[in-house]
Amino acid sequence: MQGDRFIPQRSAMNMDVSHFELTRAHQNENAGVNASPAKEEYKRELAANLFDGNASNKVLTFSRCGATPTRMPKGAFDERSLRVLYTQNRDAGLMPKRYSRHIPQAPERILDAPELLDDYYLNLLDWNSSNVLGVALGDSIYLWNATDGSIQKLMQAHGEETHVTSLSWVQEGSYMAVGTSDNKVQIWDVQKLRQVRCMLGHRARVSSLSWNGPLLSSGGRDSLVLHHDVRVAEHRVGTLRGHTQEVCGLKWSLTGNQLASGGNDNILNIWDDRYTSSAHGMCDQPLFRLDQHQAAVKALAWCPWQRHLLASGGGTADRMIRFWNSNTGSCLNAVDTHSQVCALQWAKHDKELVSSHGYSHNQLILWKYPSMVKVAELTGHTSRVLHMAQSPDGTTVVTAAADETLRFWKILSGGEASKKERAAAKESILNSMSIR
């Protein structure tokens, strides 16, 4: 006879899945409000991939009364266990890697920056390959040597109500380009602390600068981008007319064959280098004219490890970070940051991106690319974080905000070379402390 009783059978149960399903809900309830976004994303991916994606296993499985459990031959359990073990090892590369690097939540150093202008459209901060940080405070530029902590005053603008509106270090060397509110582009020899050139051409303030070898490009409130060859007397070698309002973002690609310009007209233009060789070459048509942003495009950053990948950020009415293939003009991804995007920096050694923000959260965000999971969200500035630069070793970003402070955040890995240097330094310290 067969009855209607159902008896639980251990042979039909997966104890690992059962334990996971029973404890997951309890863990979710106890998760703190400040849980790491990267850790939560890791848990979700782990749950989706655990046990070959079989998340629907029942905690108890019943069979009809009278059913005879299948008897496993001797040694079968060991063989099955080994098979599961090897299968898990084989698929280990498909599992998400846990994010384990420690991200400090506080800045490593804070410096006062009195008279730092609260103007979204300017570019007043840059860090060079010799570890010297340049910052414009009102009508002056100061140099802070990150190696020894020394401070020098480079220059002071002349004229009533004249102030510095942009600055940019040459890629290699000790020269700095300076844009001013009286429409000038100056070149300064930092070692000698003297001006070596003054170049005219703009009809309004010069708010953005970008070097490409000996070629310096400048963007102004007159909506023009001018190319200057700093080696020759007739310095103006090209003009780009692709904007209708102030050019507040300007960046040459690392390969030097494309230029990205962002304007207060909400337009992002990508240009090639065809119009920089002939004297007074003029171009009204960019390679790509991209109008997806809904506010000023100031934040621009070319990816250091993937050619033709450009990141751009929009102002208060937009708040988006967008990723572009500059070879095709297509938008690869878009992320709503819920804050005005002021600056972007790609990590030099990891697939990460740092963004600084203004209204309304005034924070920094470290993103994992391409998932765009928030690795960390850093607060401390009390006003919008207008400018950002990265140290030459790739471990630190410095931010300048309208609260008139500079903050140094050591949140990037610095790559394998930096890790080896830190390990060698630690070993040296331990050796010096040894008892002889």
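This is a short walk through strands, salt bridges and one glutamine in the structure above. Keep in mind that the model is predicted.

Let's start with a sheet. How many strands form the open sheet that begins with E21? There are 4 strands, in the order E21-E22-E23-E24. Their pairing is antiparallel. Two of them sit at the edges: strand E21, residues 297-302, and strand E24, residues 330-336. Each of these edge strands pairs on one side only. From one strand to the next, the twist averages 20°.

Now zoom in on one pair in that sheet. Strand E23 covers residues 320-325, and 6 bridges join it to E24. E23 and E24 run antiparallel. To find the pairing by eye, pick Phe323: its bridge partner in E24 is Asn333. As general background, strands of a sheet pair through backbone hydrogen bonds, either parallel or antiparallel.

Next, strand E15, residues 236-240. Is it enclosed or open? In E15, 4 of the 5 residues are buried, so the strand is largely enclosed by the rest of the structure. Look at its partners. Strand E14, residues 225-229, pairs with E15 in the antiparallel sense, over 4 bridges. The two strands form a hairpin, with 6 residues between them. In this pairing, His228 stands opposite Arg236 of E15. E15 is also joined to strand E19, residues 281-283. That link has 3 bridges, and here the strands run parallel. Leu240 stands opposite Cys283 in E19.

On to charges. Side chains of opposite charge can pair when their charged atoms come close. How many salt bridges does the structure hold? The count is 10. I'll show you three.

Take Asp119 and Arg205. Their side chains meet in a salt bridge, at 3.0 Å from N to O. What does this pair tie together? Asp119 lies in the loop between strands E3 and E4, and Arg205 in the loop between strands E11 and E12, so the salt bridge links parts that are 86 residues apart in sequence. Both Asp119 and Arg205 are buried.

Then Asp229 and Arg231. This salt bridge is 2.9 Å, N to O. The two ends sit in contrasting surroundings. Asp229 is buried, because its relative accessible area is 13%, and the cut-off for buried is under 20%. Arg231 is exposed, because its value is 62%, and exposed means over 50%.

The third pair is Lys368 and Glu352. Their closest N and O atoms are 4.0 Å apart. Lys368 belongs to strand E27, residues 364-368, and Glu352 to strand E26, residues 352-357, so this pair ties together parts 16 residues apart in sequence. Lys368 is partly exposed, with a relative accessible area of 28%. Glu352 is buried, at 0%. Some salt bridges share partners: Asp119, Arg205, Arg221 and Glu246 are joined that way into one network.

Last stop, Gln345. You'll find Gln345 in strand E25, residues 341-346. Which side chain does it meet in a polar contact? That of Gln390, at 3.2 Å. Leaving out residues up to four places away in sequence, Gln345 touches Glu352, Leu353, Val354, Met388, Ala389 and Gln390. Notice Glu352 in that list. We met it a moment ago, as the salt-bridge partner of Lys368.

How values were computed
Residues are numbered from 1 along each chain as its sequence is written. This is a predicted model: local features need pLDDT of at least 70, side-chain atom pairs count only at pLDDT 80 or more; totals for chains, interfaces and linings use all residues. Side-chain values use heavy atoms; hydrogens and water are left out. Two strands pair if DSSP finds at least two bridges between them. Axes are lines fitted to C-alpha atoms, for helices over the stretch in contact, and angles run from 0 to 180 degrees between N-to-C directions. Buried means under 20% relative accessible area, exposed over 50%, partly exposed in between (1.4 Å probe, protein chains only). A polar contact is a pair of N or O atoms within 3.5 Å; within protein, one must be able to donate a hydrogen and the other to accept it, and residues adjacent in sequence count only if both atoms are side-chain atoms. Contact means heavy atoms within 4.5 Å.
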